[in-house]
Amino acid sequence: MLSRTSHWLNRIAEVLCSVILLTMTLVVTLQVVCRYFLGASLVWSEELSRYGLVWITFLGGSIALKKRAHMALEAVVDKLSPKSRKMVQIFTLFTIMGFLTIATVKGVQLSIFNLKQHSPAMGVPMGVIYSAIPTGCLFMLVHAAEQLVTLLRTGPALEPGRTG
Amino acid sequence: MITIATSFTVLLLLGTPIAFCIGISALAGLLQLGDIPLLLLPHMMFQGTDSFPLLAVPFFVLAGALMNAGGITRRLVDFANLLVGHVRSGLALVNVVASMFFAGVTGAAVADTSAIGSVLIPAMAEEGYELDFSAAITAASSTMGPIIPPSIPMIIYGVSAEQSIGALFLAGIIPGLLIGLALMAVAYFSGDRQTSGFSETRKAVGWRQLLSGGKDALLALFMPAFILGGILAGIFTPTEAAAISVLYAFVVGRFVYGELNLRQLPELIKESLVITAVIMFIIANAAVFGWLVAALQMPQKVITILTATVSSRWLILIMINLFLLLVGTFMETTASLIILTPVLLPLAKQIGLDPIHFGAIMVLNLVIGLTTPPLGVCLFVSSGIAGISLEKISRAMIPFLLAAILVLLLVTYIPMLSMWIPQMYLQR
């Protein structure tokens with residue numbers, strides 16, 4: 001159940017982020033084209049792509065967590081015996097989950113506080129944009145929980161993933 | 001302060017991802033300060049990532065991935081081979097020159113190591129080079145990636161220090177070329193012992209061949225000129241240049257070289273997303289950390305302590321150099337830049353350094369750290385490709401490392417090396 005949720009959340013994040021990245025590329029290019037060839041600047045393009053980057057940071061961060069691609073110093077832990085390495089990983093996962101829980105809760109509050117405020121160029125409620133943070137952190141929380149459960153259920157110590 | 005430092009160090013040593021080390025220790029700091037609403041945490045995370053200049057990061061990463069898949073890397077290596085392949089210890093020089101070219105299309109060191117290494121380490125093995133030597137020169141030459149423009153670390157420094165990214169790009173040109181020359185000198189003299197007899201059989205190619213090879217690589221070589229030229233002429237911002245270079249890489253790879261398969265695209269995008277998110281998530285967390293650093297008035301304290309005990313400007317610079325080299329070996333470059341720029345830049349200004357010059361020093365320093373044993377990431381990647389132990393590559397690395405450090409000292413103490421080109425441009 002948990003692993004299936006984690007799997008599907010990851011699929012959703014991958015598709016969303018890919019769409020956002022492509023849109024940003026086109027929008028920023030369009031911005032140059034409009035300014036130079038049509039002589040008119042777009043007002044919304046910069047804002048749209050900036051907010052896209054915020055979403056990629058947090059949703060993409062969850063993809064990276066799922067793949068265990070977040071950069072870490074592994075040289076010290078690698079020296080430990082498999083058993084103690086597993087203990088250390090359980091401890092760090094708990095710490096990360098505690099942090100993510102706080103970030104999610106505070107992120108939800110921040111989003112709600114800012115629902116009535118609108119972005120200057122596009123007029124989108126800022127709360128919608130801030131919600132990238134709790135959404136991404138919640139996704140990460142699920143992935144971390146899934147890794148923790150796998151670890152507790154007799155699984156051997158997790159191997160680090162690779163960036164890219 | 002002690003809480004932050006302790007929790008950070010412990011978490012780091014336990015193998016917690018660096019982004020979380022930063023976030024969690026910053027949160028611990030916030031809790032310890034007491035009366036600070038925790039809403040600050042998501043708020044600062046947002047502030048840190050909501051940035052137009054930082055948008056250049058995903059674009060340059062994606063452009064690099066597209067160029068790799070579209071056959072541009074191979075053509076750069078081929079062209080480098082035509083240029084210097086026939087010289088003594090030729091392939092070692094090819095490795096450096098190809099990295100130099102590749103540095104013009106990518107802004108990251110690790111990308112350079114894996115792209116050039118996977119092509120050249122096997123080729124060098126075939127010609128009789130020792131694996132440790134080939135792996136070491138691959139790792140060493142990839143330091144040019146983030147120094148020769150475009151450069152992701154320069155963008156991040158520029159955002160953090162509020163400096164012109166265009167000027168920072170320009171500041172990297174001469175230091176990057178110097179690193180290349182220094183590495184080639186080392187390779188030329190030390191590679192000779194390993195390949196006696198091999199390079200003699202190769203002949204210099206004629207002009208015609210060189211021209212046709214150059215034509216093949218021209219579209220790739222044109223990239224950095226296009227990016228820098230466009231930024232300097234004020235046609236587009238670095239971020240816009242990065243977005244256009246994504247389209248450029250796509251068009252060249254797909255329609256000119258015809259090697260980019262549309263089916264590869266989702267995988268390439270996903271790969272770039274992960275690399276981007278890793279960098280950006282560190283930045284998000286480091287923004288919270290940065291707020292604390294400012295609230296605790298750390299820069300002022302560091303300046304007061306240092307300037308009270310050390311009077312010599314040269315000594316302070318040496319200390320900064322050593323400190324950054326140390327940090328660079330075990331910390332990710334982005335994290336180091338975002339956390340340390342606000343602390344060290346005021347100090348650098350205090351002793352009369354230009355922020356652009358200091359950017360070149362900082363980036364060079366941290367990037368050399370990426371290839372410093374025992375923890376530099378590029379060493380891991382390169383020794384992984386070559387299939388040798390970290391100990392072996394570390395030993396082979398020493399002469400290259402010394403050469404890079406020599407360049408670092410030159411760049412630190414001779415401001416003209418980094419400032420000449422930006423000043424020429426700025427005076428216009």
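**View 1. A buried phenylalanine pair in chain B of the predicted model.** Both Phe79(B) and Phe101(B) are buried. Their rings form a stacked aromatic pair. The centres lie 5.7 Å apart, with 20° between the planes. Phe79(B) belongs to helix α5 (residues 72-84) of chain B, and Phe101(B) to helix α6 (residues 90-103) of chain B. The two residues are 22 residues apart, so the pair links distant parts of the chain.

**View 2. An aromatic pair that crosses between chains.** Over all chains, the count comes to 16 aromatic pairs. One of them joins Tyr130(A) and Phe46(B). Ring centres are 4.5 Å apart and the planes meet at 65°, so the pair is edge-to-face. Tyr130(A) sits in helix α5 (residues 126-130) of chain A; Phe46(B) sits in helix α3 (residues 40-49) of chain B. Tyr130(A) is buried, at 7% relative accessibility. Phe46(B) is also buried, with a relative accessible area of 2%.

**View 3. A ring cluster with members from chains A and B.** Ring pairs link four residues into this cluster. Chain A supplies Phe58(A) and Phe99(A). Chain B supplies Phe20(B) and Phe281(B).

**View 4. An arginine over a tyrosine ring.** The charged end of Arg75(B) sits over the ring of Tyr257(B). Its distance from the ring centre is 3.6 Å.

**View 5. Helix α8 of chain B, mostly covered.** This helix spans residues 131-141, and 10 of its 11 residues are buried. Among them are Asp132(B), Phe133(B), Ile137(B) and Thr138(B). Ala135(B), Ala136(B), Ala139(B) and Ala140(B) are also on the buried list, as are Ser134(B) and Ser141(B). The buried residues pack against α6, α7 (109-126), α10 (165-190), α18 (377-386) and α19 (390-413) of chain B.

**View 6. Val377(B) in helix α18 of chain B.** Val377(B) is partly exposed, with a relative accessible area of 32%. Leaving aside residues up to four places away in sequence, Val377(B) touches Val110(B) and Leu370(B). Leu325(B) is 52 residues from Val377(B) in sequence. In space, the two are 14 Å apart, C-alpha to C-alpha.

**View 7. A nonpolar surface patch on chain B.** The patch covers about 570 Å². Leu406(B), Leu410(B), Ile414(B), Met416(B), Trp420(B) and Met424(B) make it up. Helices α19 and α20 (416-427) of chain B each give two or more residues. α20(B) gives the most, with 3 residues. Met424(B) lies in helix α20 of chain B. At 46% relative accessibility, Met424(B) counts as partly exposed.

**View 8. A cis peptide bond between two prolines.** The bond runs from Pro149(B) to Pro150(B), with omega near 0°. Pro150(B) is placed in the loop between α8 and α9 (152-161) of chain B.

**View 9. Positive phi at Arg68(A).** Arg68(A) is not a glycine, yet its phi is about 50°. Arg68(A) lies in the loop between α2 (45-66) and α3 (75-78) of chain A. Its relative accessibility is 27%, so Arg68(A) counts as partly exposed.

**View 10. Positive phi at Glu162(B).** Phi of Glu162(B) is near 55°, again in a residue other than glycine. Glu162(B) is found in the loop between α9 and α10 of chain B. Glu162(B) is exposed, with a relative accessible area of 72%.

Conventions: Residues are numbered from 1 along each chain as its sequence is written. Chains are lettered from A and ligands numbered from 1 in the order in which they are written. This is a predicted model: local features need pLDDT of at least 70, side-chain atom pairs count only at pLDDT 80 or more; totals for chains, interfaces and linings use all residues. Side-chain values use heavy atoms; hydrogens and water are left out. Rings of Phe, Tyr and Trp (its six-membered ring) pair if their centres lie within 6.5 Å; planes under 30 degrees apart count as stacked, over 60 as edge-to-face and the rest as tilted. Helices (H or I, at least four residues) and strands (E, at least two) are DSSP runs, numbered from the N terminus. Buried means under 20% relative accessible area, exposed over 50%, partly exposed in between (1.4 Å probe, protein chains only). A charge sits over a ring if NZ of Lys or CZ of Arg is within 6 Å of the ring centre and within 35 degrees of the ring normal. Contact means heavy atoms within 4.5 Å. Patches are made of residues with over 30% relative accessible area and no salt bridge: like charges are joined within 9 Å, nonpolar side chains (Val, Leu, Ile, Met, Phe, Trp, Tyr) within 5 Å. Accessible areas come from the Shrake-Rupley method with a 1.4 Å probe; for residues, only the protein chains shown count as cover. A salt bridge is a side-chain nitrogen of Lys or Arg within 4 Å of a carboxyl oxygen of Asp or Glu.
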